[in-house]
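Q: I should like to learn how to read the features of a protein model. Could we take them in turn, from chain contact to strand pairing?

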Amino acid sequence: MIRQELKKLVVYGFFLAILLIPMLGFKSTTFEPGRAFKTLGVFMAILVLNLIVKTIRSRKKQEDAEPKTPLTERAAERINRFPKIYTLGGLLVVAVAYPMFADNYMIDVAITCLIYVCLGLGLNVVVGLCGLLDLGYIAFYAVGAYTYSILNLTFGLSFWAALPLGIVLGMVVGCIIGYPTLKMRGDYLAIVTLGFGEIVRLVLNNWDSLTAGPNGLFGMKKPALYYPSFAEDSFSWAIYYLKSLPALYYFILLIAILTIISVRRLDNSRIGRAWIAIREDEVAAELSGVPTTWIKLLAYALGAAFASVAGAFFAAKLSYTNPNFFLFMESCIVLSIVVLGGVGSIPGIVIAAFVLIAAPEVFRGLENYRMLAFGGIMTTMMILKPEGIIPASRRRRELHEGEAIKPKE
Amino acid sequence: MTTTQPILELTKVHTYYGNIHALKGVSCSIPKGEIACLIGANGAGKSTTLMTIFGVQQASQGEIRFKGQPIHKLRPEKVAAMGVSQSPEGRQIFPRMSTQENLEMGAFLRKDKAEVERDLEWVFSLFPVLKDRVRQLGGTLSGGEQQMLAIGRALMSRPELLLLDEPSLGLAPKLVEKIFETILEINKSGVTIFLVEQNAHMALTVSRTGYVMETGRVILTDKASALLENEQVKKAYLGE
C-alpha cells in the first residue's frame, strides 16, 4: 500500500517536473528556476500530504476492522459529534473576523469566492442532485446581473425591489431552457445548454438599445440597508449604502449562508429525493409517481434562481456589467467547482470554490504560468481524488452504515 | 367465470415509438382480483403495453380504462395516484439509494406515514432478505434481490393493480419459483396482477387468464389453463 503510493508520488512528481519546464525561464530576460522549484515543492507537498492521509486512513480501517468495545465506540461517537459544531462555529468566527485582518485585495478575492460558492451550490441542484449536465449555467448569472442593472438604471428600482424580479426572470429563463430539453440527457443536453449559454451572451452583446452591447452598463447603485432614523425629532428611514468592501463582504457572506441552508434543506426534502430518483433512473422515478416534468423544470428554475441572486449582487458590487463577464469559461469553472468539490456535496463545493477561485490569485506571482498551475491542480485532484474533495455525505453515510450493519443469520 | 367488472380494460390501443408502430390495436381486460398474464416473444410489444398503460408512452389511438375511468391521456404520476403500480423490466432500481430509500421512493405519493411504515414491514415479510439489506445500496444487491426490491418498491404505493414486467428475467430457476410464490401471495392480499413474461410456463401456471402477443397484436386470449394445453402455444412458447 505505502509502496504503491510512493511509486505514484515519484511518477506524478516526474510528470509535474516536465510540466514545469516552461517555467524555468525560457520567458525572456530572466532565468528563475526558483519559481518552478517552489511550485514543484508545493505540488510535492500536496502529494506527500495525500500519502500521509491515505496511510492514516488505511491504519484506521484496520482498527475499525477490529471488534470495538462499547467504550471506544462511545468515544468515537463523541469525537464524531462534537467537532462538527466546533468546525462550523469556528468557520463562522473566521469568516466574520476575516475582514478585520485582511486587506482590501484579500477581501475582494473572498467576495469573488463567495459568489462562486453560491453559483456552485446552485449548479449543484441541477447537476449534482438532478443529474442534468448544464454547460450554460453562467447565462442565469448574466440574467440576474442584467436584470438588476436594467431595472436600477431605467426604473431606479432598489436592489431589494429588483432582486425578486431578477429571481423570477431567472426562473423563467431556466424553464425556457429546461422545457425543450426535458427528454434529453448527458452529452446532448450538455451541447444544447452550451449553445444556450452562448445565445444569452450574444443577445446581451448585440441588443444595444437594452444592454448597451459590449460597452456594458454602469452606474448601478449598491445594495442598501434601511434603518429608522430619529434625527431632527422626526421619524424617517435612513439609507446606508453598502459601499465599502467589508460591508459587501458581509452581505455576500449572508447570501452564501442562506444559499447553503436552502440547498441543504432542498437536499433533504421530498423534492430532493425526487431529484435524486430522476438522476438515478428516470423511468423508475416516473413509475414511482414522481412528476418528472415538473420536478426537472423545478431543478432548472431553482438552480437559475440561485445564480440570479449571485448575478444581481455581482452587478451591484461592481456597479458595472458587461457581456464578457459571462463567457463559456465561467460556466466551465462553476462546473469544475461542482465536480472538484464532490458532486452533490455542499462542504466540498464550498471548499472547491475557494480553492479554484483563490488559486489563480495565489499563483499570481507565477504570472503567465498561473493558469498552468491552475490546470495542474485540477488534473492532480481528479487523478488522486476523482470523487471530489469531500464526497457527498449521504453517499458516504449509506456506504458506511452498509458496512456497519451485519446481515442477520 | 368473470362476472366482476374488469379493473383494467384496453380497447384497440395503438402506440408508436417515433415511426415504429409498436402496438397495433391491443385489446384485453383484466378482471379485478385476478392474475392475468401477457406472454410472447422478445419485441412483441409486451413491455410497451405496460408502459402505455402507465402513460410513460402515450397511446396514439384507442382507450384504456382503469376502474371504468379513462387513463390513456393521463401522465404517469396521475396513473400512479389512481392505484396502478409497475415493477419495470430489468430491475430498474435506484442504484445509489439504499434498499430503504428505494422502498420509500415507491411510497413517494403517499402522505400517511404510519401506514407507509406498516407496508414497509409487509414488504419485508414478503421478502425477508430485503430487511437484511436495508442500508445497502440498491446497486450492490444481487440480481434476485434487485428484482425483489423492484417488486417491493411497486407495492409500497399500495396499488390495486400491479403491473409486473418480466419478474423472472435472468434469475436462477429456484429463485423464479420463489418469486412466483410471492406473486401469488401478493395476489391473495387483494392486489390484481398483470404479468408480462417470457417464461410462459410459469406465467400461465399462476395466472387465470392469458394473452398471447405477437408483433404488436394480441393473437390469442383464453383461460391460462386452456392456453397451457393449446397446441400453438405449446409449440411456440412452451418448447414442447
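The dialogue below treats the chain contact, the domains, a helix pair and a sheet of this predicted model.

Q: How many residues does each chain bring to the contact between chains A and B?

A: The size of an interface is often given as the accessible area lost when the parts come together. Here the contact is described by residues: chain A supplies 21 residues and chain B supplies 26 residues.

Q: Which elements of chain B give two or more residues to the side that touches chain A?

A: They are α2 (76-82) and α3 (99-106) of chain B. Of the elements on this side, α2(B) gives the most, with four residues. By class, the side of chain B that touches chain A has 14 nonpolar, six polar and six charged residues.

Q: Where do the domains of chain B lie along the chain?

A: The domain assignment places residues 1-83 + 188-240 in domain 1 and residues 84-158 in domain 2. The C-alpha centres of these two domains of chain B are 24 Å apart.

Q: What does each of these domains of chain B give to their contact?

A: Domain 1 gives nine residues and domain 2 gives six residues. On the side of domain 1 of chain B that touches domain 2, α1 (46-54) and α2 of chain B are the elements giving two or more residues. The largest share of that side, four residues, comes from α2(B). That side of domain 1 comprises seven nonpolar, two polar and no charged residues.

Q: How are helices α9 and α12 of chain A oriented to each other?

A: An angle over 145 degrees between axes counts as roughly antiparallel. The axes of α9 (residues 245-267) and α12 (residues 292-318) of chain A cross at roughly 180° and come within 11 Å; the two helices are therefore roughly antiparallel. In their contact, Leu248(A), Ile252(A), Ile255(A) and Thr259(A) of α9(A) meet Phe306(A), Val309(A), Phe313(A) and Lys317(A) of α12(A). This contact has six nonpolar, one polar and one charged residues.

Q: In what order do the strands of the open sheet in chain B stand?

A: The order of the six strands is β6-β7-β8-β3-β9-β10 (chain B), and the pairing is mixed. Because β6 (84-87) and β10 (217-223) of chain B each have a single partner strand, they stand at the edges, with one side of each left without a neighbour in the sheet. From one strand to the next, the twist averages 15°.

Q: In which sense do β3 and β8 of chain B pair, parallel or antiparallel?

A: Strands β3 (residues 35-40) and β8 (residues 192-197) of chain B pair in the parallel sense, over five bridges. Cys37(B) has Leu195(B) as its bridge partner in β8(B). Helix α7 (residues 173-188) of chain B lies across β3, β7 (161-165) and β8 of chain B, and runs at about 155° to β8(B).

Terms used: Residues numbered from 1 in each chain as written. Chains lettered and ligands numbered in written order. Predicted model: local features only at pLDDT ≥ 70, side-chain atom pairs only at ≥ 80, totals over all residues. Contact = placed C-beta atoms within 7 Å. Nonpolar A, V, L, I, M, F, W, Y, C, P; charged D, E, K, R; others polar. Domains from an automatic or database assignment. Axes fitted to C-alpha atoms, helices over the stretch in contact; angles between N-to-C directions. Parallel < 35°, antiparallel > 145°, perpendicular 65-115°, else oblique. Pairing = 2+ DSSP bridges.
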